[in-house]
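Biologist: Could you take me through this structure slowly, and tell me what each term rests on as you use it?

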Amino acid sequence: MSDTQKTATLSFDGKTIELPMYSPTAGPDVIDIRKLYAQGNVFTYDPGFTSTAACDSTITYIDGGKGELLHRGYPIDQLAEKSHYLEVCYLLLYGELPSAEQLEDFETRVTRHTMLHEQMMNFFRGFRRDAHPMAVMVGVVGAMSAFYHDSTDISDPWQREVASIRLIAKMPTIAAMAYKYTIGQPFVYPRNDCDYASNFLRMCFAVPAEEYEVNPILARAMDRIFTLHADHEQNASTSTVRLASSSGANPFACIAAGVACLWGPAHGGANQACLEMLREIGTVDRIPEFIARAKDKNDPFRLMGFGHRVYKNFDPRAKVMKQSADEVLDLLGIENNPVLQVAKELEAAALADPYFAEKKLFPNVDFYSGIILEAMGFPTSMFTPIFALSRTVGWVSQWKEMIADPSMKIGRPRQLYKGETLRDYTDIENR
Ligand code: SDX
């Protein structure tokens, strides 16, 4: 916590309360209200936490007005262009870019944890084949706490480190197995001679009946998608992981909670919802109809892939994702993909419309990711599992940061109660 330089004065009901303020290294100052209830017998009220800093962190910073995203100070567009996912994982976990030796050691440790306990395969077979892969991931990730007992004690830094590596290493294996299970194909085991992204593509698309060659351009695009989704401050799923972890629950259970939260269409489920929306629009001439629906207050329809709680400018990840979409579709010779054409025309139409400009609704990370993933051969049901495996390093990094904070306490928000006040039980004959 930075030193207290300023105070905020709050006056109400004849009381005046001085609240300390802290200045961050970037972003708005904060008012420390921890003593407000004790001193003023009032709560603050902020459903959705639009004006609330729930913690202090050194991992990721977003400037929503500028459309800036920094991981340990490095801008996302530089990391997407010059780095790769496992190096970004190292940066998020340990705070600095690794030396060549540190990176090699980290990549080796992750590679050697990619296999899943053989008995966990039984979990997959307990699901219906038509189960959504996110339902499988929530179940299997949570079940890791039933198999990896030697890395569940959060008071042991070494066990926290092992759990972190296991989660980052095994999520692609779990996601790929969830996919294989739904299409009735045999599981493909990870290989130690493959890089992280290539391994995932192999585990998803290889079959035992023939050799499988990973296309390096697709592997690069896959790795970039992982990097663009790695962490994003205190978003809903990260906040879920932090709140679950504050009770002392084991890391696997807490990450499973994050997977569950990410699934929602307002959050990580938006990439699937966005592609389904683009398909429903179908042709460029139907775009005005959907733009009108998105603006109609009486219509619950929203443009999936647009808008963001924090970004009131372009989501910098969407910019990089758009470049990747063009590269992948050019490579695959489907630059005339009708869905991509609708996406580009929809983006142009929305950005030219005063409604979206006034409400600062720009394409977010989910707007283009689905187009790339579909072009790579993934079904829409796999879009959010890919987001979940990418975000695991963010959840884990934020979890490690919180658990290591000696001032950590269990999260326990209060409420503005609007229910019945005290009343006596009424016997049924008198109701
Ligand atoms: C992710 O938090 C993160 O960091 C998340 C994420 C991450 O990396 O973890 O970035 C990933 O979740 C990206 C967002 C993916 N979701 C979608 O694309 C779903 C569509 N977007 C909307 O549901 C919405 O924009 C949210 C949920 C993303 C943001 O919601 P807010 O900030 O709470 O905005 P709001 O609901 O208060 O809307 C503000 C206004 C409203 O109009 P008014 O009531 O003021 O008249 O903008 C309108 C909304 O109706 N609006 C939209 C819109 N999003 C907001 N109108 C049409 N289409 C939209 N997409």
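Modeller: By class, the shell around the ligand holds 10 nonpolar, 7 polar and 8 charged residues. This is a predicted model, in which local features need pLDDT of at least 70 and side-chain atom pairs count only at pLDDT 80 or more, while totals for chains, interfaces and linings use all residues. Residues are numbered from 1 along each chain as its sequence is written, and side-chain values use heavy atoms, with hydrogens and water left out.

Biologist: What makes a residue of the shell nonpolar, polar or charged?

Modeller: Ala, Val, Leu, Ile, Met, Phe, Trp, Tyr, Cys and Pro count as nonpolar, Asp, Glu, Lys and Arg as charged, and the others, Gly among them, as polar.

Biologist: Which residues come nearest to the ligand?

Modeller: Of the 25 residues around the ligand, His232, Gly305, His308, Arg317 and Arg391 come nearest, where a residue is near a molecule if one of its heavy atoms lies within 4 Å of it.

Biologist: Why is the pair between the ligand and Arg309 called a polar contact?

Modeller: A polar contact is a pair of N or O atoms within 3.5 Å, and an oxygen atom of the ligand is 2.8 Å from an N or O atom in the side chain of Arg309, so the pair qualifies. The side chain of His267 also has an N or O atom 3.0 Å from a ligand oxygen, so that pair meets the cut-off too.

Biologist: How much of the ligand does the protein bury?

Modeller: Taken alone the ligand exposes 1,100 Å², and the protein buries 77% of that, with areas from the Shrake-Rupley method and a 1.4 Å probe.

Definitions and conventions
Polar contact = N/O pair within 3.5 Å; in protein donor to acceptor, adjacent residues only side chain to side chain.
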